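User: I would like a close examination of a single part of the model below, followed by an account of how that part relates to its surroundings. Please define each term when it is used.

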Amino acid sequence: MLITDQVAFEAESSLDVAIIGGGPGGSATAISLREHAPSLSVVLIEASHYDGVRVGETLPPPARSILDHLKVWDKFCRLSPREVFGTSAAWGSTIPADNDFFYMPANRGWHLERNSFDAMLAGEASERGATVVLGASLDDFEQSGDGWRLSLSTGATLRARFIVDATGAAVFARRLSARFECLDRLVGIVRFFEGDADDSRLFVEAFEHGWWYTAGLPNGKRIAACVTDADLVQHLKLGLIDEWERTLASVPAVASRLQQCKPSGALVIRSSASRRLEPVAGENWLAVGDSASRFDPLSSQGILKAMRGGIFASYAISSRLLRDDDSDLCRYRCYVSEEFKSYCEVRTKYYRDEQRWPTSAFWRRRHSANITNRSANGANITNRSANGAKYNSQGQARSASALGTNLNLTPQP
Ligand SMILES: Cc1cc2nc3c(=O)[nH]c(=O)nc-3n(C[C@H](O)[C@H](O)[C@H](O)COP(=O)(O)OP(=O)(O)OC[C@H]3O[C@@H](n4cnc5c(N)ncnc54)[C@H](O)[C@@H]3O)c2cc1C
């Protein structure tokens, strides 16, 4: 059932799982729950109607296997995502280096229109039997019996045995005792453009205070973003259009792709700090996607990671609710921790490849010895999370694992 307006639930609707947030993480959790534990009732509560600005647009090649796993590949193709066959990065040098996806198991990635993509996933969750409520956000909650009582902005209340925080900002979990452990204060200052030239390639270019990227989107649109630290945005006035444009002119590989394009809309600033939630799950709740951990946009892994995490989360939830078995919740915590540690190692390597501005605050922060994973638990991991990243370091390991992880995705019997 898709509830698209301010329609209240029946008073005190009672469900097994309430998922707060209908981004890729929340919707993948709902789809996978309905697939693997159809006896569980699921509600997906999304604040928007998928009509605002959404940032984060590149799906790397390994995403194909996740979309297949969720059985949404055909619907995904019907959105006409723009195929991309590689990246070009002026990183460590003014001369851009090309990295093709040719040798990856799926040899192409995709640029998305995020509202359509996120709405497609939520629609799929609805078709699989989840109740999807749009235009409603979580206002308040309290523990009640062995579950939760939630109050929504629509005035509706509902009870759920288990909560998934998929808000991207851990809105629910941080009102319990969970806290973010942050590695940096990265932000993206984004502008959309119309009238894209033909090249769908993703261009990345480092500059003294961070890096820029641009990507061709579906429907002849293009995105360009300056990525730097929040304090530097203020110091350098990069939130002002004139200064943003002046700095753009200093990154020729990115700027040249925008010459034929007209800006559409104002600058949009989004936090993209690398961080991990601790703890990432409790007895009858867990966090997925950016609520659980967030990666630097340089990795182009956020959407893929959110969907993959949602699939794992669904197994943990079904074990907990159907068999009273917490072992998969423990595995889920471990999975998020290992994944983040792996990401931190790759992040360190990428940023160390750029050494042209040794006195810049942005680069010094990333070259200092202590930036690797302050929070993960020391488990043995590999560099598997960087496939299809905006910037690929030479010699980057190409994952052979179909779902980009060495953890078992098969639901427990
Ligand atoms: C500049 C930039 C560039 C990026 N580039 C890429 C890229 O190229 N590739 C990539 O894979 N990732 C990229 N990302 C990251 C990517 O966008 C995120 O990792 C991804 O969206 C995370 O998905 P999610 O479902 O966890 O959270 P979100 O997509 O943030 O979804 C959260 C949802 O919860 C809803 N919500 C929030 N609060 C409430 C509430 N209280 N009640 C109900 N609903 C609520 C929101 O409306 C939203 O729909 C980029 C990010 C930035 C900032």
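In the hairpin of strand 11 and strand 12, which residue takes a positive phi, and how many residues lie between the strands?

Analyst: The hairpin of strand 11 and strand 12 has 4 residues between the strands, and Gly155 takes a positive phi near 95 degrees there. The model is predicted: local features need pLDDT of at least 70, side-chain atom pairs count only at pLDDT 80 or more, and totals for chains, interfaces and linings use all residues. Residues are numbered from 1 along each chain as its sequence is written.

Strands and helices are DSSP runs numbered from the N terminus (E over at least two residues for strands, H or I over at least four for helices). Two strands are said to pair if DSSP finds at least two bridges between them. On that basis, strand 11 and strand 12 run antiparallel and are joined by 4 bridges. Within this pairing, Trp148 stands opposite Ala160 in strand 12.

Strand 11 (residues 147-152) also pairs with strand 10 (residues 138-144), in the antiparallel sense and over 6 bridges. Trp148 takes part here as well, standing opposite Gln143. The hairpin of strand 10 and strand 11 has 2 residues between the strands, and Gly145 has a positive phi near 60 degrees. In a regular strand, the side chains alternate between the two faces of the sheet.

Strand 12 (residues 157-165) has further partners. It pairs with strand 2 (residues 13-20) in the parallel sense over 7 bridges, and the bridge partner of Ala18 is Ile163 in strand 12. Strand 12 also pairs in the parallel sense with strand 21 (residues 285-287), over 3 bridges. There Asp165 has Ala287 as its bridge partner.

The chain then enters the loop between strand 12 and strand 13, where Ala170 lies. Ala170 has a positive phi of about 50 degrees although it is not a glycine. Most residues other than glycine have a negative phi, and most peptide bonds are trans. Burial is judged from C-beta atoms placed from the backbone: a residue is buried if 20 or more others lie within 10 Å of its own, exposed if 12 or fewer, and partly exposed in between. Ala170 counts as buried because it has 25 C-beta neighbours inside 10 Å. Tyr50, in the loop between strand 3 and strand 4, is likewise not a glycine and has a positive phi of about 55 degrees. Tyr50 counts as partly exposed, because it has 19 C-beta neighbours inside 10 Å.

Beyond that loop, strand 13 belongs to an open sheet of 3 strands with the order 13-19-22 and antiparallel pairing. Its edge strands are strand 13 (179-182) and strand 22 (293-294), each of which pairs on one side only. Strand 13 is joined to strand 19 (residues 275-278) by 4 bridges, and Glu181 stands opposite Arg276 in strand 19. A cis peptide bond, with omega about -5 degrees, joins Glu278 and Pro279; Pro279 lies in the loop between strand 19 and strand 20 (281-282).

The ligand offers a wider setting. A residue is near a molecule if its C-beta atom, placed from the backbone, lies within 6 Å of it. Of the 35 residues around the ligand, Gly23, Gly56, Gly188, Gly289 and Gly302 come nearest. Helix 8 gives the most to this shell, with 4 residues. Of the 22 residues of helix 8, 19 are buried. The expected span of a helix is 1.5 Å times one less than its number of residues. Helix 8 should therefore span 32 Å, and its end C-alpha atoms, 31 Å apart, agree with that value. Asp324, which follows helix 8, has a positive phi near 55 degrees.

Across the protein there are 10 helices and 22 strands, and buried residues make up 52% of the 413 residues. Contacts are pairs of residues whose C-beta atoms, placed from the backbone, lie within 7 Å. Among contacts with a separation of 6 or more, 75% involve residues 24 or more positions apart.

Notes: Contact = placed C-beta atoms within 7 Å.
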